[in-house]
Amino acid sequence: KKVGRLADALLMMNGGAGPDIMALVEVESLRCLEVLQEKLNEKLAANGFADRKYENILFRGDNTGRRFAPGIITRLPVIADKTKKLGGRGNGRILRGHITVNDHELIVIAAHFTSRVTDTDGKRRMSYANDC
């Protein structure tokens, strides 16, 4: 039910076809992205957009046990072997993906910054920005 609602909200964009590229955070696992991709494609087909299906997922899980990794879902071609986590902390908060758009390489960064509420001096957020 939750995935269906998320898919409905995402498909409200771009004339009902959804965004070409989605950068998502707090992703529990690769399987979560796969389930969302499947639901999006099912709804696209039902709404006459079968030719706009999402074909690619870029993901590297976190190693903290907290399950808040970023991920990317796109209908555009990707260069999957260039997918990489950024930063030296190894916490999985920043993902760099490479997507091909009009024969050009587009680098997309999906980053999950610490809240300003808990990072009161801004140092952690600035370290993430520097990693990006």
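**Exercise 1. Work out whether Arg75 is buried or exposed in this predicted model, and what its side chain pairs with.**

Step 1. Start with the accessibility. Arg75 has a relative accessible area of 12%. The cut-off for buried is under 20%, so Arg75 counts as buried.

Step 2. Look for an acidic partner. The side chain of Arg75 meets that of Asp20 in a salt bridge, at 2.8 Å from N to O.

Step 3. Place both ends. Asp20 sits in the loop between helix 1 and strand 1, while Arg75 sits in the loop between strand 3 and strand 4 (84-85), so the salt bridge ties together parts that are 55 residues apart in sequence.

Step 4. Check the other end for burial. Asp20 is partly exposed, at 31% relative accessible area.

Step 5. Widen the view. Asp20 and Arg75 belong to a network of salt bridges that also takes in Arg52.

**Exercise 2. Next door in sequence is Thr74: find which element holds Thr74 and which residues it is in contact with, leaving aside neighbours within four places in sequence.**

Step 1. Thr74 is part of strand 3 (residues 69-74).

Step 2. Its relative accessible area is 0%, so Thr74 is buried.

Step 3. Now list the contacts, with the sequence neighbours within four places left out. Thr74 touches Asp20 and Ile21, then Tyr54, Glu55 and Asn56, and also Ile99. Asp20 is the residue that pairs with Arg75 in the salt bridge above.

**Exercise 3. Work out the strand order of the open sheet, and say which strands are at its edges.**

Step 1. The open sheet has three strands, and their order is 1-3-2 with antiparallel pairing.

Step 2. Find the edges. Strand 1 and strand 2 (56-59) each pair on one side only, which makes them the edge strands.

Step 3. Add the twist: from one strand to the next, the average is 20 degrees.

Step 4. Zoom in on one pairing. Strand 1 and strand 3 are joined in the antiparallel sense over five bridges. One residue pair to look up is Met22, whose bridge partner in strand 3 is Ile73.

Step 5. See what packs on the sheet. Helix 2 lies across strand 1, strand 2 and strand 3, and runs at about 160 degrees to strand 2.

**Exercise 4. Which residues of helix 1 are buried, and what covers them?**

Step 1. Scan helix 1 (residues 2-10) for burial: Gly4, Ala7 and Leu10 are buried.

Step 2. Ask about direction. These residues cover an arc of only 125 degrees around the axis, so they are on the same side of helix 1. The general rule helps here: an α-helix has 3.6 residues a turn, so residues three or four places apart point the same way.

Step 3. Flip to the face turned away from the buried side. That face carries the exposed residues Lys2 and Arg5.

Step 4. Identify the cover. Strand 1 (21-27) and helix 2 (30-46) are among the elements covering the buried residues of helix 1.

**Exercise 5. How many salt bridges does the structure hold, and which parts of the chain does the one between Asp8 and Lys43 link?**

Step 1. The total is seven salt bridges.

Step 2. Take Asp8 and Lys43: their closest N and O atoms are 2.9 Å apart. Asp8 belongs to helix 1 and Lys43 to helix 2, so distant parts of the chain, 35 residues apart, are linked.

Step 3. Check accessibility at both ends. Asp8 is partly exposed at 39%, and Lys43 is partly exposed at 22%.

Step 4. Contrast that with a pair inside helix 2. Glu42 forms a salt bridge with Lys39, with closest N and O atoms 3.3 Å apart. Since they are three residues apart in helix 2, about one helical turn separates them. Glu42 is partly exposed at 48%, as is Lys39 at 26%.

**Exercise 6. Count the disulfides, then find out how exposed Cys32 and Cys132 are.**

Step 1. The number of disulfides is zero.

Step 2. Cys32 has 31% relative accessibility and counts as partly exposed.

Step 3. Cys132 comes out at 39%, again partly exposed.

**Exercise 7. Locate Asp62 and give the separation of its C-alpha atom from that of Arg93.**

Step 1. Asp62 is in the loop between strand 2 and strand 3, and at 12% relative accessibility it counts as buried.

Step 2. Asp62 and Arg93 are 31 residues apart along the chain, and their C-alpha atoms are 7.5 Å apart.

Key. Residues numbered from 1 in each chain as written. Predicted model: local features only at pLDDT ≥ 70, side-chain atom pairs only at ≥ 80, totals over all residues. Heavy atoms only, no water. Buried < 20%, exposed > 50% of the residue type's maximum accessible area, 1.4 Å probe, protein only. Helix = DSSP H or I, 4+ residues; strand = E, 2+ residues; numbered from the N terminus. Arc of directions from axis to C-beta. Contact = heavy atoms within 4.5 Å. Pairing = 2+ DSSP bridges. Axes fitted to C-alpha atoms, helices over the stretch in contact; angles between N-to-C directions. Disulfide = S-S within 2.5 Å. Salt bridge = Lys/Arg side-chain N within 4 Å of Asp/Glu carboxyl O.
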